[in-house]
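Work through the exercises below with the model open in a viewer. Try each task before reading its solution.

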Amino acid sequence: MGLTAFQKPALLLVFLSFIFLLTTTVSNNWRISSIVNTTNWKYEGLWMNCEATSLGFIQCNTLYIMLSSNTFIQICRALMITSLVLGICGILLALLSLKCPQLDFSDEKTKGRISMMSGMVFALAGLSSMVAISWYAVNIITEFFDPFYAGTKYEMGYALYLGWTGSLLSIVGGILLTRSSCK
């Protein structure tokens with residue numbers, strides 16, 4: 001099975017989506033403090049909370065998995081890790097569906113099925129990360145507009161936008177990979 005017109009852009013999209021989702025998962029900029037203060041900035045991710053000063057000092061504290069007070073953070077971590085594991089499986093399946101690897105299942109029909117499975121795995125990876133990122137964003141927005149919330153008000157950080165982009169690329173790339181196996 002040669003690279004079809006759908007398979008070339010699909011492979012590019014899924015590789016980019018995996019890089020975007022990996023960067024999003026390890027980033028500390030999921031939410032940024034919205035307090036207008038020129039001396040200190042607070043920003044948080046799934047794994048660390050950091051505070052930076054105008055003098056360039058940065059202090060980060062690790063959020064431990066079992067000691068995290070928010071259950072939704074633990075669920076977002078699990079969904080993002082699931083998305084990355086599915087992305088790795090999808091990449092391996094996509095590479096096996098190419099024309100170059102000549103294995104025991106080198107016929108076009110089998111490679112087409114592998115390409116379809118790869119596309120479905122990428123679509124699931126995109127949906128998994130989309131749920132995690134959107135849920136985290138809803139939590140930020142809810143806390144921000146809640147007049148009775150007494151904690152620090154946060155705004156959405158760049159990692160959420162990068163994650164949404166990676167999720168959409170993964171879903172679109174998965175659809176294109178699935179479509180590339182259809183005749």
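The exercises go from the overall fold to the sheet, the helix packing and two single residues. Keep in mind that this is a predicted model.

**Exercise 1. The fold in outline**

Task: State how many helices and strands the chain has, and give their order along the sequence.

Solution:
- Step 1. Count the elements. The chain holds four helices and five strands.
- Step 2. Read them in sequence order. The pattern is α-β-β-β-β-α-α-β-α.
- Step 3. Check burial. Of the 183 residues, 41% count as buried.
- Step 4. Check the range of the contacts. Take the contacts between residues at least 6 apart in sequence; 64% of them join residues at least 24 apart.

**Exercise 2. The sheet**

Task: Find the strand order of the sheet and name its edge strands.

Solution:
- Step 1. Trace the neighbours. The order is E4-E3-E2-E1-E5, in an open sheet of five strands.
- Step 2. Assign the sense. The pairing is antiparallel.
- Step 3. Look for strands that pair on one side only. These are E4 and E5 (154–156), the edge strands.
- Step 4. Add the twist. Neighbouring strands are turned by 20° against each other on average, with direction ignored.
- Step 5. Recall what holds such a sheet together. Strands pair through backbone hydrogen bonds, in parallel or antiparallel fashion.

**Exercise 3. Two hairpins and their register**

Task: Describe how E3 pairs with E2 and with E4, and list some bridge partners.

Solution:
- Step 1. Start with E2 (residues 40–44) and E3 (residues 48–53). They run antiparallel and are joined by five bridges.
- Step 2. Find the link. Three residues lie between E2 and E3, and the two strands form a hairpin.
- Step 3. Fix the register. Glu44 stands opposite Asn49 in E3. Trp41 faces Ala52 in E3.
- Step 4. Move to E3 and E4 (residues 58–62). Five bridges pair them, again in the antiparallel sense.
- Step 5. Fix this register too. Met48 has Thr62 in E4 as its bridge partner. Glu51 stands opposite Gln59 in E4.
- Step 6. Inspect the turn. This hairpin has four residues between its strands, and Gly56 takes a positive phi near 100°.

**Exercise 4. H1 against H2**

Task: Classify the packing of H1 on H2 as roughly parallel or roughly antiparallel, then describe the contact.

Solution:
- Step 1. Take the geometry. The axes of H1 (residues 7–26) and H2 (residues 71–96) come within 10 Å and cross at roughly 155°.
- Step 2. Apply the cut-off. Angles over 145 degrees count as roughly antiparallel, so H1 and H2 are roughly antiparallel to each other.
- Step 3. Add the hand. The crossing of H1 and H2 is left-handed.
- Step 4. List the residues. On the H1 side, Leu11, Phe15, Phe18 and Leu21 are among those in contact. On the H2 side, Met80, Leu84, Ile88 and Ile91 are among them.
- Step 5. Sort by class. The contact of H1 with H2 has 11 nonpolar, four polar and no charged residues.

**Exercise 5. H1 against H4**

Task: Repeat the analysis for H1 and H4. What are the angle and the axis separation?

Solution:
- Step 1. Take the geometry. H1 and H4 pack at about 150°, with their axes 7 Å apart.
- Step 2. Classify. H1 is therefore roughly antiparallel to H4.
- Step 3. Add the hand. The crossing of H1 and H4 is left-handed.
- Step 4. Sort by class. The contact of H1 with H4 has 13 nonpolar, 12 polar and no charged residues.

**Exercise 6. H3 and two residues**

Task: Place H3 relative to the strands, then decide whether Ser118 and Arg179 are buried, partly exposed or exposed.

Solution:
- Step 1. Place the helix. H3 (residues 108–145) lies across E1 (31–33) and E5, at about 140° to E5.
- Step 2. Locate Ser118. Ser118 is in H3.
- Step 3. Judge Ser118. Its relative accessibility is 0%, so Ser118 counts as buried.
- Step 4. Name its contacts. Leaving out residues up to four places away in sequence, Ser118 touches Gly90, Leu93, Ala94 and Leu177.
- Step 5. Locate Arg179. Arg179 is in H4 (residues 158–180).
- Step 6. Judge Arg179. Its relative accessible area is 40%, so Arg179 is partly exposed.
- Step 7. Compare sequence and space. Arg179 and Gly112 are 67 residues apart along the chain, and their C-alpha atoms are separated by 9.7 Å.

Terms used: Residues are numbered from 1 along each chain as its sequence is written. This is a predicted model: local features need pLDDT of at least 70, side-chain atom pairs count only at pLDDT 80 or more; totals for chains, interfaces and linings use all residues. Side-chain values use heavy atoms; hydrogens and water are left out. Axes are lines fitted to C-alpha atoms, for helices over the stretch in contact, and angles run from 0 to 180 degrees between N-to-C directions. Angles under 35 degrees count as roughly parallel, over 145 as roughly antiparallel, 65 to 115 as roughly perpendicular and the rest as oblique. A crossing is left-handed if the near helix is turned anticlockwise from the far one by less than a right angle, and right-handed if clockwise. Contact means heavy atoms within 4.5 Å. Ala, Val, Leu, Ile, Met, Phe, Trp, Tyr, Cys and Pro count as nonpolar, Asp, Glu, Lys and Arg as charged, and the others, Gly among them, as polar. Two strands pair if DSSP finds at least two bridges between them. Buried means under 20% relative accessible area, exposed over 50%, partly exposed in between (1.4 Å probe, protein chains only).
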